[in-house]
Structure formats: structure tokens, C-alpha cells
Amino acid sequence: MTRLSLGTLAGTRARVPAYERAAVTPGIVHLGLGNFHRAHQAVFVDDCLCADPSWGIRGVSLRRPDMGRALTPQDGLYTLAVKDGDGTRARVVGSVLDVLVAPGARDAVLAALADPAIRIVSLTVTEKGYCHDPASGDLDPGNPGIRSDLADPSAPSTAPGLLAEALRMRRAAGVAPFTVLSCDNLPSNGRTLARIVAQYAELRDADLARFIAGDVAFPSTMVDRIVPATTEADRAVVAALIGREDAWPVLTEPFSQWVIEDRFPTGRPDFAAAGAELVADVEPYERMKLRMLNGAHSTLAYFGQLLGHETVADAMGDPGLARLVARVMRQAAATLYLPGGDLARYAEALEARFRNPALKHRTGQIAMDGSQKIPQRFLDTIRHARAAGLAWDAPALGVAAWIACLRRGPVEDPMAERFAALAGAHPDPVAFARAVLDQRDVFGDLAEAEWFGGAVTDAVATIAGAGAGRVLAA
Ligand code: CS2
């Protein structure tokens, strides 16, 4: 079958870009070109290119060459397939102009970041890409990537290292700094990234750190769309649908939301025309999404893993688990305030999204990197609920299920080796749970809270003795 590319776009059985692709020039560099970006920000940008073709995206893969290998022969084009109960709608997205693979092309990446035409650098590098201490949100100076970037700051490989070096290069050349747009699921993601990059810069040059803290905008955003990893079956479905071979299509749900703090000194596309919400303060939306959607997701992921539910929709089919998920969202909602928002309706809508049977979202995908996710998804709810005298038992069960998964191992997590060593040293489930809860860079002050530790260790012991189903039945 013919491969998707600019030359074969005509005759494709999909909606294709309405703008003239050859006239599009780069205005954005995106770090972390994965499925999420391609189903979310790149689509918003695609919708803006008719009105202003100066905002094309240069995608950067920070770790792996696969995305470059897939998209380069396709001129950056890929298919977005939106699935729900009624079927699948396909569209070819043209906003990604090219793909740079950082490990092999670091100088090209730095040159792209330093290019005066680039006015926004956006990121989806996942939680661990921030090289931070998950509990405090501060840069972790012991992070191996940060240590190697500090040893040679002109050859960085981490996101903080690349941003700091590129901002230094622009300043030296008299080019205005770009706006840094974090699109990861972290609380106050813009403010957090600003602090991390300034802390990194401080370790190399205090003057650069002052410049970054004072002169660079890091607006916060809340991003939301459920985007499973692409499977072989997805590739076949898309090929049949559009009549072209696409090496890396992306399948997603109809829902998409982007709430953006409107702070772009060097300009931005008209994101609002593409459906984004531009607001003065994003943080209430971020907290809502992290504690409700992502908290529920992680609950489904860890219990799903323990109970053998392969996908989120399967896990929602377990009545005990669906009840717990509803409680996680209710207890989280009680800690939140969203001006004009209806959190009960939000929870209902989330449940319907989780139940979308057309979306094969694997619980194993969400279960990854728990050490980086637990603090904002569960622990913030628990702290706030406890301080207000409200119930917090449901998110504590999520924490217990995570610990039970760590005990079962192996897990994909930047702290996996540490957890495996703890499991080896503590065969007893209660002792292991205590040892995990002692990890201050995950639990912060909760490492000392007996009210919390007692509840979690009891639940871990029940899961180990009678199974996760028993916890859900209680
Ligand atoms: C998920 C998120 O993998 C995960 O941890 O919880 O990627 C989730 O699908 C998105 O945040 C939805 O917007």
C-alpha cells in the first residue's frame, strides 16, 4: 500500500489539511514528540495554521529515534483517528513539519531552539523528564542526566539542560527568549518548570538563572485527552480507513481540552479559535484534572493490574472498582474549588470516558512511573482532605494498590531499582509498605504521618493476604 506523504496526500480517504503545507514555517519547537502531543497540542496548532502559517512545529524526540524514522518519510504527516461507540473518523495532521532526534542531533536541536523564528517551546516529556524530586517539585541535582548536563552544559540531553542552554544562546545573540509551555501532568506545571530550569541554571551561572527567573514566561496549562499507545491493529485499521500506509497513526477519544494561562510575550497562535480556553489562572483546572481524572486513572491502573484487567474499560466493568473510582473522584472533588465548575458533572463525564469501549487504554501504560505520579494524583488530595476533616480513605487505597504492585514487581519506574531492593530486603508486606512510605522524595511530610501510614499498611496487608478484591468489597 502507498505510504502517506505530501506527494500521496491527494486521494487519501481522510480529512486533509486545508492550508498550503509548503507555506507553513516553524514557530514552535516541541520537546517530547509522542502520541499525546500528536493527538492534542499539534491538533490545536493544525487548526490555527489556515489563519497564520507561521506556527508550524519542529518535533524533538528526546530519547528514541523511532518517531523520526516513522514520520520523516511521511513529511511529518500522520493520521489522527478519533474513536467512539459510533466508529472512527480520520484526519491527516500537518502541523509537525519535521522530527529531530536529540541523541543523534543535539546541535541541530540547539540550533532549532535558538532560531529567532521559534517563539514557543512546548513540552510533553512526562513527569520524569523534569528531573525533579516528585515530593517537593525542586530540581534533583543528583539526577544522572542533570549531573552529566552540568559536567558539559553546552551538550545537554535533559529538558532543563536544553532549555537553559538554548535560552543562554538566545540571550548571547540578542534574541528574545521563547515562551516555555509545559504540557505535562504536573501541578502548576509552568511555575514548577520555571523553578526547575532556574535551579539548574543557578548551578552553572547565577546571572543566567536571574535572567530565566525574571525574563522568561512559563505559562501553566491543563491538558486533557486520553491517548493510548498505538498498536499493530490500529495501524491496520487506519490503513484500511484512509487507503495509505501510516507508520505511526494515533488513536484517541473525541474529548479534548486545553486550558492555557495567557502569558505569551512573544505571541502565540489563536488557540482560542481552535477551542482552547485561555484563562488568567490555570491552577484550579490542573488540580481538578490531576486529582479527579488522573487519580481515578491511577486507581484503575493499580487495581486493574492486581486484578488482571487489561484495559481501563475492562477495569470499569468491575463493579467494586468502579465504586472505588467514584469515591476517589468524590473525595478529590471535596478538596477542590473551581469557579463556576460543576465537579459532580465532571466526574460523571469522566466515568463515561473511562467506559469508552472503543479505546483500548491499557492499565499497564498508566501504571508506569508511579513514583512520579502518586504525589499529585493521591497525596495532595489526602493532605487537603485530612486538613479539612474530610474523608481520604479512597485515594489511600490507591496508594496501597501501587505499593502492592511494587511488591509484585517488576515495574517501569525511574525508582524501580530502589523499590526492587526494598522488596528484597523486606519480604513481609507490612515491612515493605513501611519502607516504601519512608521514601521522602515521594511522600514528603506524609512519610512521618502515622494516621496515613497505618491506613496504607493495613490495606497492603489485606491485599497481600486476601487479595485486592477483598479491599474493594469492604
Ligand atoms: C494517564 C494520562 O498515563 C497516564 O498516567 O493518566 O496520560 C491520561 O490519560 C491523560 O492525562 C488524560 O488527559
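**Reading the ligand site and the domains**

Q: What distance separates an oxygen atom of the ligand from an N or O atom in the side chain of Asp 224?

A: The distance is 2.6 Å between the ligand oxygen and the N or O atom in the side chain of Asp 224. A polar contact is a pair of N or O atoms within 3.5 Å. Please keep in mind that this is a predicted model. Two further residues approach the ligand in a comparable way of reading: a polar side-chain atom of Asn 185 is 2.9 Å from a ligand oxygen, and for Asn 294 the corresponding value is 3.1 Å.

Q: How many Å² does the ligand expose when taken alone, and what percentage of that does the protein bury?

A: Alone, the ligand exposes 350 Å², and the protein buries 88% of this area.

Q: Which elements give two or more residues to the shell around the ligand?

A: They are strand 8 (221-224), helix 10 (283-307) and helix 15 (370-387). Helix 10 supplies the largest share, four residues. Among the residues surrounding the ligand are Val 223, Lys 289, His 297, His 361 and Arg 377.

Q: What is the make-up of this shell by class?

A: The shell has five charged, four polar and three nonpolar residues.

Q: Where does the ligand lie with respect to domain 1 and domain 2?

A: The protein is divided into domain 1 (6-279) and domain 2 (283-473). Both domains give residues to the shell, so the ligand lies between them.

Q: What area is buried between domain 1 and domain 2?

A: The general idea comes before the case. The size of an interface is often given as the accessible area lost when the parts come together. Here about 2500 Å² is buried between domain 1 and domain 2, with carbon and sulfur atoms giving 57% of it. On the side of domain 1, Lys 128, Pro 134 and Ile 226 lose the most area to domain 2, together 24% of what that side buries. The C-alpha centres of the two domains lie 28 Å apart, and the contact takes 33 residues from domain 1 and 33 residues from domain 2.

Q: Is the peptide bond from Gly 409 to Pro 410 cis or trans?

A: The bond is cis, with omega near -15°. Pro 410 belongs to the loop between helix 16 (393-408) and helix 17 (416-425).

Q: Is phi of Asp 75 positive or negative?

A: Phi of Asp 75 is positive, near 55°, in a residue other than glycine. Asp 75 is found in the loop between helix 3 (66-71) and strand 3 (78-84).

Technical notes:
Residues numbered from 1 in each chain as written. Predicted model: local features only at pLDDT ≥ 70, side-chain atom pairs only at ≥ 80, totals over all residues. Heavy atoms only, no water. Near = heavy atom within 4 Å. Polar contact = N/O pair within 3.5 Å; in protein donor to acceptor, adjacent residues only side chain to side chain. Areas by Shrake-Rupley, 256 points an atom, 1.4 Å probe, with all protein chains shown as cover. Nonpolar A, V, L, I, M, F, W, Y, C, P; charged D, E, K, R; others polar. Domains from an automatic or database assignment. Contact = heavy atoms within 4.5 Å. Buried area = accessible area lost by both parts, 1.4 Å probe.
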